There are 2 protein chains.
Amino acid sequence: MSSQEELRTIALREFARSGYGSTSLHRIAEIAGLSKSSVLYHYSSKEALLEAAIAPAIDAMDSIISAMEGLEFTQERRHAFIVRFVDFLLAHRSEVHMFINQARSLEDVPAVGRANEVVGRIAEVFGAAVNSTEDRMRFGMALGGAAYSLVTQDEFGQTESPIDETRAALVTIMTELLAPVSVSPALTVSPALTVSPVLN
Amino acid sequence: MSSQEELRTIALREFARSGYGSTSLHRIAEIAGLSKSSVLYHYSSKEALLEAAIAPAIDAMDSIISAMEGLEFTQERRHAFIVRFVDFLLAHRSEVHMFINQARSLEDVPAVGRANEVVGRIAEVFGAAVNSTEDRMRFGMALGGAAYSLVTQDEFGQTESPIDETRAALVTIMTELLAPVSVSPALTVSPALTVSPVLN
DNA sequence: CAGGGCGCTGACCGATCGGTCAGTTACGGT
DNA sequence: ACCGTAACTGACCGATCGGTCAGCGCCCTG
């Protein structure tokens, strides 16, 4: 693996694990067995290194959502999206971790801004079929929950599962969450339930 | 509001939004309209400020899980846990955001380490009834997804929903996710189970 | 009026940050 | 053998970090 690739890989892992702002170039260099100057030789700045590290994931996410835009939202297409999305998550855990955790604090970085745009387009495509509060929560829990549980699965030392088992489980659960809920109203908890004092 | 409380509130929000490492004491002081020295007058160190800010949330989470330990895992208790957990999420969004995003990088901080312990105990309690890969994913997506979608809901400028609608939707979806899959889902929610939430 | 905390401050400290720059080493093509 | 360039480095820069400290004004009490 070339130094450039190695630096990208290391930076990605460290940025995701410790945060962009809290990861020093010195640390990245140290892990790579290089000096800080060498890192800045390959990438003109810390920000350039970040962009190089996450660009492929943004492209992948972009192509997934582009394939959905402007098309009617059939069951088949929904399922195809879920499968693509799960595979995307499995292939780009660290990048997704970064988007989830630091998209807000890094939004001035061009590449991260672009990532936020793409996420917004996903929300738009689903938004057409998603109106109620509960449906919106379903959408958020399906995408966010899938990403989050995948990320923490290898962060915390949980029991590891075979990849295809994980993949199948994710597809099943996301399909369940994103299925049109108009059916079986008996499931929903009555809205007149005890309104709790939510205070800080 | 006293300076101490105000600093705690500001610190919590900034730590959650930008990360602990990337938030300077100067910035916190600036928002509070004080000097950096004043912050260090009220809290002996940045870490002490962090601990003071998140301690109440950890206590609340601790009491929720303590109420579950050592008891048989009935439908009623599962539902009670979900309701308490959702109310906990609603009351402590910022703290939960921090645990999710930075628990790993901050684990040497005593208070955060304690938070990780509590999360581990939650996993243990549920782990008894959770064996397959899919059930484990369900658990992760229910807890993590709920926390994540709540956090991003007000971070990104999404359409805001009434808080009791959000609460009801979360309870519904989490119940659906955590219900034993073998049983018909229609049977799992009994309407008379609304348990009053845990107060802080 | 004296004085003692309390809340707060600016000046200052060493460490570390991202980044610049001149210079060294290794090496492939002619 | 020579040269150009790619890969890499240490010394150094200004800025900012968390933290220390002496001292400021203010209010309350004796």
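The legends below describe close-up views of a predicted model.

**View 1. Fold of chain A in the predicted model.** Chain A contains nine helices and zero strands. Its succession of elements along the sequence reads α-α-α-α-α-α-α-α-α.

**View 2. Burial and contacts within chain A.** Chain A comprises 200 residues, of which 35% are buried. Among the contacts of chain A that link residues at least 6 apart in sequence, 72% connect residues at least 24 apart.

**View 3. Residues around DNA strand C.** The surroundings of DNA strand C comprise 15 residues, and those that come nearest are S24(A), S45(A), K46(A), S37(B) and S38(B). In chain A, the elements giving two or more residues to this surface are α2 (25-32), α3 (36-42) and α4 (46-66); in chain B, α3 (36-42) does so.

**View 4. Residues around DNA strand D.** Here, too, 15 residues lie around the strand, and S37(A), S38(A), S24(B), S45(B) and K46(B) come nearest. At least two residues of the surface near DNA strand D are supplied by each of the following elements: α3 of chain A, and α2 (25-32), α3 and α4 (46-66) of chain B.

**View 5. Residue classes at the DNA surfaces.** The surface near DNA strand C consists of eight polar, four nonpolar and three charged residues. K46(A) is one of the residues that come nearest to DNA strand C. For the surface near DNA strand D, the classes are eight polar, four nonpolar and three charged residues. K46(B) is among the residues that come nearest to DNA strand D.

Conventions. Residues numbered from 1 in each chain as written. Chains lettered and ligands numbered in written order. Predicted model: local features only at pLDDT ≥ 70, side-chain atom pairs only at ≥ 80, totals over all residues. Near = placed C-beta within 6 Å. Helix = DSSP H or I, 4+ residues; strand = E, 2+ residues; numbered from the N terminus. Nonpolar A, V, L, I, M, F, W, Y, C, P; charged D, E, K, R; others polar. Buried ≥ 20, exposed ≤ 12 C-beta atoms within 10 Å, placed from the backbone. Contact = placed C-beta atoms within 7 Å.
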